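Me: I've just opened this one and would like to get my bearings. Can you take some questions as I look around?

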Amino acid sequence: MHAGLDALSLAQVESAVQRLYDLGRIELLHRGMMPEAEVFACRYQGRRFNLKYDLAYGAELQAIAAFSHDELDALAASLVAAAD
């Protein structure tokens, strides 16, 4: 789990994704729902990741393509900062 993401509300996650999209930092490919969770399928620097918001556990990054831990931490920090 990445620091700070799990404390964000769904509204904050939506706002953060929209801000980073507007800034051209991420590409939002699709938003979907599954039982008890919202999933944002995104691309960052050409690589896929999912941002999942679970009603019980909060937000979590899931790398689909290869990301280093440092890259995921930086992406999480950008999302948390954009949510404020």
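**Getting to know the chain**

Reply: Sure, let's begin with one serine. Setting aside neighbours within four places in sequence, S78 makes contact with L20 and R25. Keep in mind that this is a predicted model.

Me: Where is S78 found, and is it buried or exposed?

Reply: S78 is part of helix α2. The cut-off for buried is under 20% relative accessible area. S78 comes in at 16% relative accessibility, so it counts as buried.

Me: Stepping back, how many helices and strands are in the chain, and what pattern do they follow?

Reply: The chain has two helices and four strands. Reading along the sequence, you get the pattern α-β-β-β-β-α.

Me: How does the radius of gyration of the chain sit beside the globule rule?

Reply: For 84 residues the globule rule gives 12 Å. The chain is close to that, so it is as compact as a globular protein of that length. Its C-alpha atoms fill a box of roughly 30 × 25 × 25 Å along the principal axes. The radius of gyration itself is 11 Å.

Me: What share of the residues is buried, and what share of the contacts joins residues 24 or more positions apart?

Reply: Buried residues make up 40% of the 84 in the chain. For contacts, the count takes those with a separation of 6 or more. Among these, residues 24 or more positions apart account for 37%.

Me: Which element gives the most to the largest nonpolar core?

Reply: In general, nonpolar side chains tend to be buried together in soluble globular proteins. Here the largest nonpolar core has 22 residues, and V13, I26, F49, L51, L61 and L79 touch the most other members. Two or more residues come from each of α1 (10-22), β2 (37-44), β3 (47-54), β4 (58-63) and α2 (69-83). The element that gives the most, with six residues, is α2.

Me: L51 came up there; which residues does L51 touch?

Reply: Residues up to four places away in sequence are not counted here. That leaves V13, V17, E38, V39, F40, A59, E60, L61 and L79.

Me: F40 is on that list, so where is F40, and how much of its area is accessible?

Reply: F40 sits in strand β2. Leaving out neighbours within four places in sequence, its contacts are L10, V13, E14, V17, L28, H30, R31, F49, N50 and L51. F40 is buried, and its relative accessible area is 2%.

Me: How far apart in space are F40 and S68?

Reply: In sequence, F40 and S68 are 28 residues apart. Going from C-alpha to C-alpha, the distance in space is 20 Å.

Me: What about the loops: which residue between β2 and β3 has a positive phi although it is not a glycine?

Reply: Let's start with E36, which lies in the loop between β1 (27-34) and β2. E36 has a positive phi of about 65 degrees without being a glycine, and at 54% relative accessibility it counts as exposed. In the loop between β2 and β3, the residue has a phi near 50 degrees and is exposed at 58% relative accessible area. That residue is Q45.

Me: Last one: how many positive and negative side chains are there, and how far apart are the centres of the two sets?

Reply: The chain exposes about 4800 Å², with carbon and sulfur atoms supplying 52% of it. As for charge, there are 7 positive and 12 negative side chains. The centres of the two sets are apart by 7 Å.

Terms used: Residues are numbered from 1 along each chain as its sequence is written. This is a predicted model: local features need pLDDT of at least 70, side-chain atom pairs count only at pLDDT 80 or more; totals for chains, interfaces and linings use all residues. Side-chain values use heavy atoms; hydrogens and water are left out. A nonpolar core is a set of buried Ala, Val, Leu, Ile, Met, Phe, Trp, Tyr and Cys residues joined through side-chain atoms within 4.5 Å. Buried means under 20% relative accessible area, exposed over 50%, partly exposed in between (1.4 Å probe, protein chains only). Contact means heavy atoms within 4.5 Å. The radius of gyration is taken over C-alpha atoms; the globule rule is 2.2 Å times the number of residues to the power 0.38. Accessible areas come from the Shrake-Rupley method with a 1.4 Å probe; for residues, only the protein chains shown count as cover. Lys and Arg count as positive and Asp and Glu as negative; His and the chain ends are not counted. The place of a charge is taken as NZ of Lys, CZ of Arg, CG of Asp or CD of Glu.
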